Amino acid sequence: MGKLRKVLLNLSGLALICVLLVLSGCGGGGQSKTLYIFNWTYYTPDSVIQKFEKEYGVKVVYDTFASNEEMFAKLKAGGANYDITFPSGDYVSIMIKEGMLEKIDKSKLKNFGNIDSKVLEQCDFDPGNQYSIPYYLGAAGVAVNKTKVQNYDHSWSIFARKDLANHMIMLDDMREVMGDALKYLGYSVNTTDQKQIDEARDLINNVWKPNLLKFDAEAFAKSFAAGEVWVAQGYAESIFAEVDKSNWGTVDFFIPKEGGPSYLDSMVILKGSKNKDLALKFIDFIHRPEIYAEFCDYFGFPSTANVPARALKKGESWYRPEDLVNCELKKDVGADLEKYNAAWQTIRVGK
Amino acid sequence: MKKQIGLLYSLPQIVWLFVFFAAPLCIIIAYSFLKKGLYGGVEPQFSVEAYTAMANPNILLVTWRTLKMSVIATALTILIALPCGYSIARSKNQAIRLFLVIVPFWTNFLVRIYAWIAILGNEGFLNDILRALHLTTESVQFLYNQTAVILVLVYMYLPYAILPLFSTIDKFDFTLLDAARDLGASRFQSYLRVLLPNIKSGLVTAGLFTFVPIFGAYAVPLLVGGKDSYMLGNIIADQLTKTRNWPLASSISMTVTVLTTGLVFFIAMRKPREQEQVFDADPAFMQTASAGKR
C-alpha cells in the first residue's frame, strides 16, 4: 500500500514538472516570439497584424486604449510589458522626458525614407526622430448625418445651432474640445494665455454645451451610428467603423475650416522591451508602401505620413491631407496644463 | 495548541485583507499627502495641497450631487426590493424566484448598461413602441440625464437589496401578522408596525449594500449620464487618467472611504439598541389595538 502511494506521488510530481515545463516554454518564447502592442482602438487593421505574424512567424498581442492620458497612466503605473505604443506628439516629448522610451536605430529601418519630409519637419517634439517614428498625421473632425441636417457651414459654429440642441455630441477630451474653441476664436491650440483659455471655456460652456447631448469619448461613434445624435465631433475612423457601410453615403465628415488640434501619432519602443529587434521590424513593416496603403484604405485615411503609399491607395479618404492646413499640432504645455484642467473641470462638472 | 490552529485558519483572510485592502489603502493615504508630479505620479514631498484643493466649488457641487443621487437611488431600490423580498419569502418556489433575481447578475455589468441604452435610446425599443402607438412623433430623450443614471443604478443594485431583505423576511414569524390583524390592525398597519420593525436589520444591510457602491458609481454616470450627471467616481478617474493629479484623486478617494466607513460604523454601533426595540413591538400600538378590540 505504502509503495503504491509513493509511486502515485512520484507520478503526480512528474506530471507537475511537465506542466511547468510546457508553461514556461510558452511564456519564455523559445521558438515563437510575442510582440506586445499597446495601441488606440481602431488604429491598425487586423489584416496588417496577421500579415506581420505570418511573415515573421511571431505572435502579436494587441491591447487598446482610448486616450493618450489613459495609455500614459497605465504605463506610468507600471506592471505592463508592452514593446510598442503609439503616443501623440505631446506625449512623445513627455515620455522622452520621463525616460520611458528606448532610442530607435533608424539605420535598421529600410522604409524610413518613405515618410513625408513635411511630416518629419513637424516632429519638433522629438528632433531627428531619435525615439519616435511617425505613424499617422490626422485630426478629429465633425461627422454630420445628412438625412437629418441640411444647410450647415463647415465650421465649429455648427455647435452653436440651437435647432440641433440635444442632437450633437463632442469628445470628452480636454485638449481636443478646448483646442476647437481656441481655433474658432483665432488662437493657438497650445496657448498658455489665461485670458484666451477663459474665453474658450466660456464659449464652450455658454454657447456650445447647452446644445450638446453629452461629452463622450467612448461611445460617440456608436451613438452617431444608432441615430442617437446627428452631429458628432470625433475621429473619422471610429465613426466609419460603427456606421454600416450601406449608410456611408448619408455621412458627411469634414475638418472645420478654422482648423483644430491635429495629432501626429508616432510609434515608440518602450524602455525594457524584450523584443527590440522585432519591434523595429514591425515599425519598418508598417511603412512598407503596400502595407501603409492597406492601413489607410481600411480606415478611409488619406496617406498623410507615407509618400509612396499615396499611389497605391485604392479606396477613398474621408478627408484630404490639404484639409489639415489650418490645423495645429497639440504640444505639451507643461505646468500650464493646470489652466486647461481648471477650465475643463468647470465645463464638465456642469450645473 | 488550539489557539494556534485558529490563527492558521484566519491566516488566508488576514493576508487577503492586508494585500488587497490595507496595503492599497495605505498607498492611497500616502499619495494624498504628497506633491503632484507634473506628468502624473507623485513627488516625494509632503503637501496638503490635495486636501485644500478639494474645497473647490466644483468638487463640492459634485459631492452634493453624488450624495443626493445616491440617497434617491438607495431609497428607490429599497422601496422596490421590499415587496420583492417579501413575495419571495412567502412564495412556495423560493429557489426559482431567487434564481431569477440572481441570473442577470451573471451577465457582465457593462453589457447590462448597454442594454439600457438599447432600450431607452432615441432609436431604442421604448421610443419605437411610443412611435408605433402614435403617442409621439419625435423621439423622447430618456437617456443622458440624472434620471437615467438613477434608474440604471437602481436596476444594477436591486439584487443587493433584495437578497438581505429576503433573508430577514424569511426568518420573520408571519403568524405575528395574523396576531396583529386579530388585534384590530389593518393590513397596512400590520406591515408598517409589526413587519417593518422586525426586519430593520435587513433594511439597514440592504441600505448599506446599495448606498456604498452607488456613492462610488463610475461607469453608469459615464455611459448613461449627460452633461449634468458627473459624479465623484468620475472626478476621481479624471484626476488620475486625464488631468494627471494623482494626489487629488487619492484625497477624494480617501474622503469617500472615510465618509462611507463612518456611515457603516455609525449604523453598526446603533444596531444593538434597535434590535432591543424591535421585540418591544411598539407597546403604545398594542394598547390602542387591544382597546379598539374591546
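Visitor: In this predicted model, where is the place of Asn306(A), and between which two helices of chain A should I look?

Guide: Look at the loop between helix H11 (289-299) and helix H12 (309-312) of chain A, which is where Asn306(A) has its place.

Visitor: Is Asn306(A) buried or exposed there, and how is that read?

Guide: The reading rests on counting the C-beta atoms around a residue, with 20 or more others within 10 Å taken as buried. Asn306(A) has 26 C-beta neighbours inside 10 Å, and it therefore counts as buried. Once residues up to four places away in sequence are set aside, Asn306(A) touches Asn114(A), Ile115(A), His287(A), Pro289(A) and Tyr292(A). Sequence distance and spatial distance are separate readings here: Asn306(A) and Gly113(A) lie 193 residues apart in sequence, while their C-alpha atoms are 8.9 Å apart in space.

Visitor: Which residues have a positive phi although they are not glycine?

Guide: As a general background, most residues other than glycine have a negative phi. In this model Asn129(A) has a positive phi of about 50°, and Asn151(A) has one of about 55°. Asn129(A) sits in the loop between helix H5 (117-121) and strand E5 (132-139) of chain A, and because 17 C-beta neighbours lie inside 10 Å, Asn129(A) counts as partly exposed. Asn151(A), for its part, is found in the loop between E6 and strand E7 (168-170) of chain A, where it is exposed, with 4 other C-beta atoms within 10 Å.

Visitor: What is the order of the strands in the open sheet of chain A?

Guide: The five strands of this open sheet follow the order E8-E7-E9-E6-E10 in chain A, and their pairing is mixed. Strand E8 (212-215) and strand E10 (251-254) of chain A stand at the edges with a single partner strand each, so one side of each has no neighbour in the sheet. Taken on average and with direction ignored, neighbouring strands of this sheet are turned by 20° against each other.

Visitor: How many bridges join E6 of chain A to E9 and to E10?

Guide: Strand E6 (residues 141-145) of chain A pairs with strand E9 (residues 231-234) of chain A in the antiparallel sense over four bridges, and the pairing of E6(A) with E10(A) is likewise antiparallel over four bridges. Following single residues makes this concrete: Ala143(A) stands opposite Ala232(A) in E9(A), and Val144(A) stands opposite Val231(A) in that strand, while in E10(A) the bridge partner of Val144(A) is Asp252(A). It helps to remember that in a regular strand the side chains alternate between the two faces of the sheet. As for burial, E6(A) is mostly covered, with four of its five residues buried.

Visitor: Which domains does the assignment give for chain A, and how many residues of each are in the contact?

Guide: The assignment divides chain A into domain 1 (34-138 + 263-319) and domain 2 (141-259 + 331-349). Their centres, taken over C-alpha atoms, are separated by 26 Å, and the contact takes 13 residues from domain 1 of chain A and 14 residues from domain 2 of chain A. On the domain 1 side, helix H4 (residues 89-97) of chain A gives the most, with four residues, and the residues of that side divide into eight nonpolar, four polar and one charged.

Visitor: Where does the largest nonpolar core lie with respect to the domains of chain A?

Guide: In soluble globular proteins, nonpolar side chains tend to be buried together. The largest nonpolar core here has 159 residues, of which Met178(A), Ile239(A), Val268(A), Leu153(B), Ala161(B), Leu165(B) and Val224(B) touch the most other members. Helix H7 (residues 146-171) of chain B gives the most to this core, with 16 residues. Domain 1 and domain 2 of chain A both give residues to this core, so it lies between them. Beyond its neighbours within four places in sequence, Val268(A) is in contact with residues including Ile84(A), Pro87(A), Val92(A), Met95(A) and Leu101(A).

Visitor: How many residues of chain A are in contact with chain B, and which elements of chain A give two or more of them?

Guide: The contact involves 26 residues of chain A and 21 residues of chain B. Helix H3 (68-76), E8 and helix H13 (337-349) of chain A are the elements that give two or more residues to the chain A side, and the residues of that side divide into 10 nonpolar, seven polar and nine charged.

Key. Residues numbered from 1 in each chain as written. Chains lettered and ligands numbered in written order. Predicted model: local features only at pLDDT ≥ 70, side-chain atom pairs only at ≥ 80, totals over all residues. Pairing = 2+ DSSP bridges. Axes fitted to C-alpha atoms, helices over the stretch in contact; angles between N-to-C directions. Domains from an automatic or database assignment. Contact = placed C-beta atoms within 7 Å. Nonpolar A, V, L, I, M, F, W, Y, C, P; charged D, E, K, R; others polar. Buried ≥ 20, exposed ≤ 12 C-beta atoms within 10 Å, placed from the backbone. Core = buried A, V, L, I, M, F, W, Y, C linked by C-beta atoms within 7 Å.
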